[in-house]
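Trainee: I should like to learn how to read the spaces, surface and charged contacts of a protein model. May we work through an example together?

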Amino acid sequence: MTSGVSALELERFEERLDEALATRSTDVLDVIGYGEVSVAIRLSIDGKDYACKRLVPFDAKPDAERASALIHLYVERLEACGLDVVPTHTLILERPAGFVLYCVQPLLPEGTVGPDFIRRLSVEEARPYVERVFALIRASVSPTLAPDGQLSNWSFEGDQIRYLDVGTPFMRDAEGRDLFDFRQQTRALPQPIRAVVNRFMVKGILDNYHSRRGQALDFLGNLIKESLAQLMPPLIPTANRVFDLSPPISEREVRHHYRGDARSYAFIQSARRADRWFQETVLRRTYPFLLPPKIDRG
């Protein structure tokens, strides 16, 4: 591990995480952001800051080791398609809940991550940057490989555009089977919801990532969640051109796609909050996951 973050530092963070879970207070943590099931935290080591994404614990060490190897393969394949991936290292810790896999990256300068950067620009100023992102997404999307192309997964420093999110590698084999076991990550969901998500939702979500149309709809729709909805209509023609979409997508299609996603993820988070209440209030035990605050999905 050459990232500057050692197992000892992450063990110390895990101790603070245990405290946060027991008290339902994140005051002892430095949370950068939440995914739908994962969390990213900041660690400062010897004057350098790192972003550490904590995946849901795996059942067995070989599962975590396989996921780690897939993440590094994912980085290689994305870079072979022309993406500039932020240097990423992985580290596995054994914990009572299972084997925790961390993705560790240098923390990027403030204001460079996609939404923060684009928010300062007019539509015409933002368009060339978004067009370059669209071109990078198109170059890397195939039936066997895909990035998570949302704006929040890119950073902009001068002319350099970098890709961030490699913690859940979207890769498939020639028969269309996912190489990464996404069912391990849905363990953060209550069992009845997890069964529904695994059976009826995961494949459809992942299919979107592996298509140019799905990527375009996802990028444009998530501008609504990022409070950048005013950019979405004028960027639709750019998406249609760069992704060579036929028939072209419309604002109505983008909004319909986003509403479906927003309802699904809002339902999942509501179910997780209900599960936390049940475990803490009825079962009198600590809920084992950090939940994001309520998200304004627009």
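**Reading pockets, patches and salt bridges**

Mentor: Helix H1 contributes four residues to the lining of the second largest pocket, the largest share of that lining. Please keep in mind throughout that this is a predicted model.

Trainee: How much space lies in the second largest pocket?

Mentor: The second largest pocket holds about 350 Å³ of space. Of the 19 residues that line the pocket, Leu21, Pro57, Ala97, Pro288 and Phe289 are the closest to its centre. Two elements, helix H1 (7-23) and H9, each give two or more residues to this lining.

Trainee: How do the residues of that lining divide by character?

Mentor: The lining of the second largest pocket comprises 11 nonpolar residues, one polar residue and seven charged residues.

Trainee: I understand that a cavity, unlike a pocket, is a space from which a probe cannot get out. How many cavities of 30 Å³ or more does the structure hold?

Mentor: The structure holds one cavity of 30 Å³ or more. The largest cavity has a volume of about 100 Å³. Its lining has 13 residues, and those closest to the centre are Val37, Val39, Arg54, Phe289 and Leu290. By character, the lining of the largest cavity divides into 11 nonpolar, one polar and one charged. Phe289 is thus among the residues closest to the centre of the cavity and among those closest to the centre of the second largest pocket.

Trainee: Let us turn to the surface. Which residues make a nonpolar patch there?

Mentor: Trp277, Phe278, Val282 and Leu283 make a nonpolar surface patch of about 390 Å². Trp277 lies in helix H9 (residues 251-282).

Trainee: Why does Trp277 count as exposed?

Mentor: The term exposed requires over 50% relative accessible area. Trp277 counts as exposed because its relative accessibility is 51%.

Trainee: How should I read the salt bridges, and how many does a search of the whole structure find?

Mentor: One looks for a side-chain nitrogen of Lys or Arg within 4 Å of a carboxyl oxygen of Asp or Glu. A search of the whole structure finds 21 salt bridges. One of them joins Arg127 and Glu124, with the closest N and O atoms 2.7 Å apart.

Trainee: Where do Arg127 and Glu124 stand relative to each other in the helix?

Mentor: Arg127 and Glu124 are three residues apart in helix H4 (residues 123-140), so about one helical turn separates them. Arg127 is buried, at 17% relative accessible area, whereas Glu124 is exposed, at 53%.

Trainee: Which residue meets Asp207 in a salt bridge?

Mentor: The side chain of Lys203 meets that of Asp207, at 2.9 Å from N to O. These two residues are four apart in helix H6 (residues 191-209), so they too are separated by about one helical turn. Asp207 is partly exposed at 28% relative accessibility, while Lys203 is exposed at 56%. Elsewhere, salt bridges that share partners join Glu11, Glu14, Asp18, Arg54 and Arg95 into one network. Arg54 has already appeared among the residues closest to the centre of the largest cavity.

Trainee: Finally, how far apart are the closest N and O atoms of Arg42 and Asp49?

Mentor: In the salt bridge between Arg42 and Asp49, the closest N and O atoms are 3.7 Å apart. Arg42 is partly exposed, with 30% relative accessible area, and Asp49 is also partly exposed, with 32%.

Methods. Residues are numbered from 1 along each chain as its sequence is written. This is a predicted model: local features need pLDDT of at least 70, side-chain atom pairs count only at pLDDT 80 or more; totals for chains, interfaces and linings use all residues. Side-chain values use heavy atoms; hydrogens and water are left out. On a 1 Å grid over the protein atoms alone, a cavity is a set of points where a 1.4 Å probe fits but cannot get out, and a pocket is an open set with protein on both sides within 12 Å along at least five of seven lines; lining residues have an atom within 4 Å of a point. Grid points are joined across faces, edges and corners, and a volume is the space filled by probe spheres set on the points. Ala, Val, Leu, Ile, Met, Phe, Trp, Tyr, Cys and Pro count as nonpolar, Asp, Glu, Lys and Arg as charged, and the others, Gly among them, as polar. Patches are made of residues with over 30% relative accessible area and no salt bridge: like charges are joined within 9 Å, nonpolar side chains (Val, Leu, Ile, Met, Phe, Trp, Tyr) within 5 Å. Accessible areas come from the Shrake-Rupley method with a 1.4 Å probe; for residues, only the protein chains shown count as cover. Buried means under 20% relative accessible area, exposed over 50%, partly exposed in between (1.4 Å probe, protein chains only).
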